[in-house]
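Have the model open in your viewer, with a selection box at hand. We will go from stop to stop, and at each one you will see what to pick and what is there.

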Amino acid sequence: MIFAGGDGCYKVLRREPMPASRIFIWQEFTWLSKDEVRATIPAFHPVWAEVDTALIDAIDKQAAHGSFRNWANITTHILSGMKKLNLKQVNDLVRWVYSKIGGM
């Protein structure tokens, strides 16, 4: 089981003896740097493997902001849109995805 939360999550969970005593590892996640995004996202899902680095940079700057959670959300919408519209290119859907997630 994974507990994930924003600032203060650690303090809230530590106050509760039952879950706190059962947590094996406390791990803090930070935003991905630009270089980490460039290395991680193409390896994360095949849909990003052939996408131009400039488009990945733009999506990260405009909507994902180095958050792997945001990238997972964007990827889900990209895949859904590609299937619905029978598209093969990610760049054909970027603005549509932004409208779904409230980015840009």
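Start by selecting Lys-61, which counts as exposed at 69% relative accessibility. Lys-61 sits in helix α4. Now add Lys-34 and draw a distance between the two C-alpha atoms: in this predicted model, Lys-61 and Lys-34 are 9.0 Å apart in space and 27 residues apart in sequence.

**Zoom out to the whole chain**

Show the cartoon next. How many helices and strands does the chain have? The count is 6 helices and 0 strands, and along the sequence the pattern reads α-α-α-α-α-α. Align the view with the principal axes, and the C-alpha atoms fill a box of roughly 50 × 30 × 25 Å. The radius of gyration is 17 Å, whereas a compact globule of 104 residues would have one near 13 Å. If you colour by accessibility, 27% of the 104 residues count as buried. Contacts are worth a look too: taking those between residues at least 6 apart in sequence, 46% join residues at least 24 apart.

**Into the interior: Trp-48 and Thr-75**

Select Trp-48, in the loop between α3 (34-44) and α4. Is Trp-48 buried or exposed? Its relative accessible area is 0%, so Trp-48 is buried, the cut-off for that class being under 20%. Show what surrounds this side chain: leaving aside neighbours within four places in sequence, Trp-48 is in contact with Ile-41, Pro-42, Ile-56, Ile-59, Trp-71, Ile-74, Thr-75, Ile-78 and Val-90. For a contrast in distance, pick Ile-23: its C-alpha lies 34 Å from that of Trp-48, with the two positions 25 residues apart in sequence.

One of those contacts makes a good next selection. Thr-75 belongs to helix α5 and is buried, with a relative accessible area of 3%. Beyond residues up to four places away in sequence, Thr-75 touches Phe-44, His-45, Val-47 and Trp-48.

**Two loops with positive phi**

Before you check the backbone torsions, recall that most residues other than glycine have a negative phi. Which part of the chain holds His-65? His-65 is in the loop between α4 and α5, and its phi is positive, near 55°. At 46% relative accessibility, His-65 counts as partly exposed.

Move on to Asn-86, in the loop between α5 and α6. The phi of Asn-86 is also a positive value, near 55°, and this residue counts as exposed at 60% relative accessibility.

**Look down helix α6**

Select residues 94-101, which make up α6. Which residues of this helix are buried? They are Val-94, Val-97 and Tyr-98. Turn the view so that you look down the axis of α6: the buried residues fall within an arc of 105°, so they line one face of the helix. The spacing fits a general rule: an α-helix has 3.6 residues a turn, so residues three or four places apart point the same way.

Rotate to the face turned away from the buried side, and you find the exposed residues Arg-95 and Ser-99. Then show what covers the buried residues of α6, which includes α4 (53-64) and α5 (68-85). Just after α6, select Gly-102, which takes a positive phi of about 80°.

**The largest pocket**

Switch on a surface for this stop. How much space lies in the largest pocket? About 1,200 Å³. Its lining has 27 residues, and the closest to the pocket centre are Phe-3, Ala-4, Gly-5, Gln-27 and Phe-29. The elements that give two or more residues to the lining are α1 (9-15) and α5. Colour the lining by residue class and you get 15 nonpolar, 8 polar and 4 charged.

Keep Gly-5 selected and add Ile-25 for the final pair. Ile-25 is in the loop between α2 (17-22) and α3 and counts as exposed, at 54% relative accessibility. The C-alpha atoms of Ile-25 and Gly-5 are separated by 15 Å, and the two residues are 20 residues apart along the chain.

Note on methods
Residues are numbered from 1 along each chain as its sequence is written. This is a predicted model: local features need pLDDT of at least 70, side-chain atom pairs count only at pLDDT 80 or more; totals for chains, interfaces and linings use all residues. Side-chain values use heavy atoms; hydrogens and water are left out. Buried means under 20% relative accessible area, exposed over 50%, partly exposed in between (1.4 Å probe, protein chains only). Helices (H or I, at least four residues) and strands (E, at least two) are DSSP runs, numbered from the N terminus. The arc is that of the directions from the helix axis to the C-beta atoms. Contact means heavy atoms within 4.5 Å. On a 1 Å grid over the protein atoms alone, a cavity is a set of points where a 1.4 Å probe fits but cannot get out, and a pocket is an open set with protein on both sides within 12 Å along at least five of seven lines; lining residues have an atom within 4 Å of a point. Grid points are joined across faces, edges and corners, and a volume is the space filled by probe spheres set on the points. Ala, Val, Leu, Ile, Met, Phe, Trp, Tyr, Cys and Pro count as nonpolar, Asp, Glu, Lys and Arg as charged, and the others, Gly among them, as polar. The radius of gyration is taken over C-alpha atoms; the globule rule is 2.2 Å times the number of residues to the power 0.38.
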